[in-house]
Amino acid sequence: MNVITAFAYLLASVLFILGLMMLSSPKTARRGNMLGATGMLIAIVVTLTDQRVIDYTYIIAGLIIGGTIGLTLAVRVKMTAMPQLVGMLNGFGGGASAMVAYAEYLRMGDSAAFAGVDVLITMGLGLLIGTLTFFGSMIAAAKLQGTIGGAPVLYPLQKQSNALLLLVVVVLIVLFVLDPSKSYLLPIIIGLAAILGVTSVIPIGGADMPVVISLMNSYSGLAGAMTGFVLSNNVLIIAGTLVGTSGIILTNIMCKAMNRSLGNVLFAGVGTDYQGPAAETEQRTVVRYTPDDAAFMLENAQSVIIIPGYGLAVAQAQHVLQELASNLIARGKTVRYAIHPVAGRMPGHMNVLLAEANVPYDLLLEMDQINDDFQNTDVALIIGANDVVNPAARYKKDSPLYGMPILNADFAQTVMVCKRSLNPGFAGEDNELFYNKKTMMVFGDAKATVTGLVQLLKQ
Ligand code: NAP
């Protein structure tokens with residue numbers, strides 16, 4: 001590697017790290033994204049000018065085909081389907097790393113016998129982690145998309161058989177390292193890793209899939225780093241390690257926000273298919289209010305905390321919600337947004353959605369910053385959120401939500417819930433907040449309801 005290449009890789013790595021740092025705040029996230037992308041552009045251009053590339057035909061064809069598919073997906077995919085897309089992209093990353101590792105073995109031919117132990121170990125691990133990531137991510141994406149059922153698929157001795165499978169693959173990698181001429185071992189490693197990818201994700205419930213996707217993101221980084229060692233490519237090692245570590249940090253954040261351990265997510269088989277309301281719902285009554293009642297209540301409130309949730313994203317009501325908030329602020333009311341760490345379907349979902357509608361960042365408050373303010377607030381306005389305000393999380397031990405910190409919406413003087421029905425949220429848990437005496441249920445699509453409120457307030 002010449003000095004210019006080494007320097008360019010170093011620069012790209014610094015840009016990745018700065019970009020990641022800037023992603024931690026909404027104010028700097030866009031610039032951080034640009035820095036990371038610039039680093040990647042530098043890394044790609046420098047790699048393409050490497051003298052080992054002798055024919056660009058396949059590279060250009062790959063760029064055109066991959067670029068077209070990527071662009072089409074990025075333009076077409078709905079915001080709410082983003083976790084599935086991210087899941088698939090992680091899977092492709094892992095699959096690509098595994099293929100590069102295998103291709104490098106084929107390229108080495110007989111000289112593989114003289115390859116260093118480090119290269120052979122990382123080749124085997126790259127194949128294992130990359131293949132597992134590809135198949136695991138595809139199952140996770142299919143579960144989120146609803147292509148296959150979200151309920152955990154459980155069978156006897158599941159953990160034991162998965163552990164045994166992993167052990168067998170590790171033994172095969174050791175055999176391969178001891179004698180790299182045994183080329184038949186690699187397809188067996190790939191096949192078993194593929195089975196492991198499927199069997200380790202099917203027991204996990206659909207509601208936990210975003211955590212799995214974050215974990216797979218981490219695996220795809222690790223697979224990339226392994227392949228970096230195989231190719232002796234520093235920037236791939238650094239970028240892979242950054243993805244691997246940030247993925248595991250994100251996984252940890254999500255687990256903490258749901259008050260679950262990673263072990264519980266991976267092995268407890270929690271969650272079911274999305275279902276209708278529980279039977280007990282029918283016996284209780286809720287008070288249904290019209291948008292006129294809601295507008296009257298808002299007009300008379302001094303302080304409002306808006307709680308956005310997944311339904312806001314489904315309805316694409318963020319722009320009209322911002323209009324409603326501006327209207328209330330113009331009338332001298334205190335309006336803020338309370339952001340729960342797992343509101344929506346992916347980390348930062350609500351922040352991205354509200355940033356799209358140009359909601360000022362200083363109005364967005366994290367759960368810890370605002371939870372004590374609900375008791376002094378006139379109206380908690382819940383738009384398409386459910387699990388993140390479900391009081392069952394505080395006390396109902398058999399609930400999948402139990403232990404998850406929630407937004408204290410029920411402490412406000414009045415709770416206003418805008419959603420289409422009494423259906424439960426993602427965790428499938430009925431929400432007693434809807435039956436609370438101080439709760440006003442305003443049924444309907446979030447966008448239609450909020451649009452109606454804006455018009456009524458303008459009159
Ligand atoms: P939620 O509990 O899934 O509830 C969303 C509600 O939105 C539903 O009850 C639905 O009720 C309503 N809705 C759907 N479409 C609507 C529309 N067009 N207009 C109005 N309302 C609509 O959402 P959440 O409170 O945001 O909680 C997120 C859930 O996802 C949590 O369980 C969380 O653990 C899970 N999760 C999130 C992440 C993450 O990273 N964010 C990761 C893992 C898991 P109707 O059908 O009655 O309208």
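Is Ser303 buried or exposed? I looked this up before anything else. The model is predicted, and every value below is computed from it. Ser303 has a relative accessible area of 13%. The cut-off for buried is under 20%, so I logged Ser303 as buried.

**Entry: around Ser303**

I placed Ser303 in strand 1, residues 303-308. Next I listed its contacts, leaving aside neighbours within four places in sequence. Ser303 is in contact with Thr334, Asn376, Thr377, Asp378 and Val379. I then checked Asp378 for a polar pair. Its backbone nitrogen lies 3.1 Å from a polar atom of the Ser303 side chain.

**Entry: the ligand shell**

I turned to the ligand and found 30 residues around it. Asn386, Asp387, Arg420, Ser421 and Asp445 come nearest. By class, I noted 16 nonpolar, 9 polar and 5 charged residues in the shell. Which helix gives the most to the shell? I found helix 12, residues 310-315, with 4 residues.

**Entry: polar pairs and cover**

I looked up N and O atoms beside the ligand. A polar side-chain atom of Arg420 lies 2.8 Å from a ligand oxygen. Pro424 has a backbone N or O atom 3.4 Å from an oxygen atom of the ligand. For Ala343, a backbone N or O atom lies 3.4 Å from a ligand nitrogen. On its own, the ligand has 910 Å² of accessible area, and the protein covers 96% of that.

**Entry: domains**

Why do I place the ligand between domain 2 (81-267) and domain 3 (291-458)? Both domains give residues to the shell, so the ligand lies between them.

Conventions. Residues are numbered from 1 along each chain as its sequence is written. This is a predicted model: local features need pLDDT of at least 70, side-chain atom pairs count only at pLDDT 80 or more; totals for chains, interfaces and linings use all residues. Side-chain values use heavy atoms; hydrogens and water are left out. A residue is near a molecule or strand if one of its heavy atoms lies within 4 Å of it. A polar contact is a pair of N or O atoms within 3.5 Å; within protein, one must be able to donate a hydrogen and the other to accept it, and residues adjacent in sequence count only if both atoms are side-chain atoms. Accessible areas come from the Shrake-Rupley method with a 1.4 Å probe; for residues, only the protein chains shown count as cover. Helices (H or I, at least four residues) and strands (E, at least two) are DSSP runs, numbered from the N terminus. Ala, Val, Leu, Ile, Met, Phe, Trp, Tyr, Cys and Pro count as nonpolar, Asp, Glu, Lys and Arg as charged, and the others, Gly among them, as polar. Domain bounds come from an automatic or database domain assignment. Buried means under 20% relative accessible area, exposed over 50%, partly exposed in between (1.4 Å probe, protein chains only). Contact means heavy atoms within 4.5 Å.
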